[in-house]
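Work through the exercises below with the model open. Try each task before reading its solution.

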Amino acid sequence: MNQPCRVRFRVRIAKPLNTADLVRIVNIFGREVRVSSELKSQPLSKTVWLVFEAQGFPDKQEASKFAQILPTVVELASLCTRNGIDVGENCATSRMNEGFARSMNLLEPHERLLPNIHGVMIIPDDNASRFPFGEVQGDSLADPEYFLGAVAEGGSEPEVGSAELRNAIHLLNLGLINPDPIGQIALALSAANALGQSERGAEAQISLLDQLAISAVESSSCSDEEGAEVAEALRRSLHRIGLRQGVLRILRKLEISHLRNEWDRVYKLRSGIFHGTRPLSRDEVIQLAHDAISLCGAIVLALAKSEGVRVPSIAALNFPL
């Protein structure tokens, strides 16, 4: 007999939500989802750990379908509101031995103790599950209407985009939640570069490289072994293009080529920092981190729209590029 299930999704956001509410309800794909602190008596303004909980799934299979798309909806909303989020890797951040918990009278006889997962887990659809709790506090606050409104808006349609898009959204959120501006720059530009690596050379370019590889093998100007090495190097390039070329192709495909100069400017400064050829002051690095996330966020959100993903309207305010 199938056991009813619920989905529990525990995340860490960069800034707590500025509300005294203990619980907010958002609608995701037609389903009501409770958003609360992991400590039920704690207002949302007092925690950076949020728990999204969706109930009423008839079995684990149905719950799993919802669990697969929920992180992307939440990450997209977080990106659009520029309040970074860490959705975790579905690993426990805290555990407690259930026998010990019972010996300390921390559980009622009917209750079970489960590991506190940072990410998604599927649990029985009852109120008997308990989780070890570790408190983390933040200082500045985020507007709950923006974030939870964006979650509901992005969750109004079931399209969540390609794996490449979801990975880019994930990387940008890791950048937003990273306190180090250098880390923000690296993660933001990695998100855009990763998209460009899916690009391939044109058929004419591939044909030309193949002809050059054959010529290298047949050349009399070097040994057979040397010619074979050159041919192998050329053939490795048949389906790859450079990082910059890949991103520029993405810009053209998405009809946002006006961002080309900004990409070159940001990437040049990034290279100067990472290769030690262009030292920047702390304020300049912080500004570059802001510009990198703005630019790469605009690229990723343009791709999301092109794939038919519902991008929350608040994104236009936070990513005006």
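**Exercise 1. Strand pairing**

Task: Find how many bridges join strand S2 to strand S3, and in which sense the two run.

Solution. Strand S2 covers residues 23-28 and strand S3 covers residues 31-37. The two run antiparallel, joined by 6 bridges. Strands pair here if DSSP finds at least two bridges between them. Strands (E, at least two residues) and helices (H or I, at least four) are DSSP runs, numbered from the N terminus.

This is a predicted model, where local features need pLDDT of at least 70, side-chain atom pairs count only at pLDDT 80 or more, and totals for chains, interfaces and linings use all residues. Residues are numbered from 1 along each chain as its sequence is written, and side-chain values use heavy atoms, with hydrogens and water left out.

Next, inspect the turn. S2 and S3 form a hairpin with 2 residues between them. Phe29 in that turn has a positive phi of about 55°.

Now follow Ser36. In S3, Ser36 is the bridge partner of Val23. In S4, the bridge partner of Ser36 is Val51. Strand S4 (residues 49-57) pairs with S3 over 5 bridges, again in the antiparallel sense.

**Exercise 2. Helix H4 and its cover**

Task: Check the length of helix H4, then list its buried residues.

Solution. H4 spans residues 163-177, which is 15 residues. The expected span is 1.5 Å times one less than the number of residues. That gives 21 Å, and the end C-alpha atoms are 21 Å apart, so the two agree.

Buried means under 20% relative accessible area, exposed over 50%, and partly exposed in between (1.4 Å probe, protein chains only). The buried residues of H4 are Leu165, Ala168, Ile169, His170, Leu171, Leu172, Asn173, Gly175, Leu176 and Ile177. Their cover includes strand S1 (5-13), helix H1 (60-80), strand S5 (85-86), helix H5 (181-196) and helix H10 (282-306).

**Exercise 3. Two helix packings**

Task: Classify the packing of H5 against H4 and against H8.

Solution. Axes are lines fitted to C-alpha atoms, for helices over the stretch in contact, and angles run from 0 to 180 degrees between N-to-C directions. Angles under 35 degrees count as roughly parallel, over 145 as roughly antiparallel, 65 to 115 as roughly perpendicular, and the rest as oblique.

H4 and H5 pack at about 170°, with axes 8 Å apart. They are therefore roughly antiparallel. Their contact has 11 nonpolar, 4 polar and 1 charged residues. Ala, Val, Leu, Ile, Met, Phe, Trp, Tyr, Cys and Pro count as nonpolar, Asp, Glu, Lys and Arg as charged, and the others, Gly among them, as polar.

H5 and helix H8 (residues 243-253) cross at roughly 80°, and their axes come within 7 Å. They are therefore roughly perpendicular. Ala192, Asn193, Leu195 and Gly196 of H5 meet Leu243, Gly246, Val247 and Ile250 of H8. Contact means heavy atoms within 4.5 Å. By class, this contact has 5 nonpolar, 3 polar and no charged residues.

**Exercise 4. A loop residue**

Task: Where is Ala14, and what is it in contact with beyond its neighbours within four places in sequence?

Solution. Ala14 is found in the loop between S1 and S2. Its relative accessible area is 34%, so Ala14 is partly exposed. Leaving those sequence neighbours aside, Ala14 is in contact with Val48, Asn83, Gly84 and Ile177. Ala14 and Leu174 are 160 residues apart in sequence, yet their C-alpha atoms are 9.9 Å apart in space.
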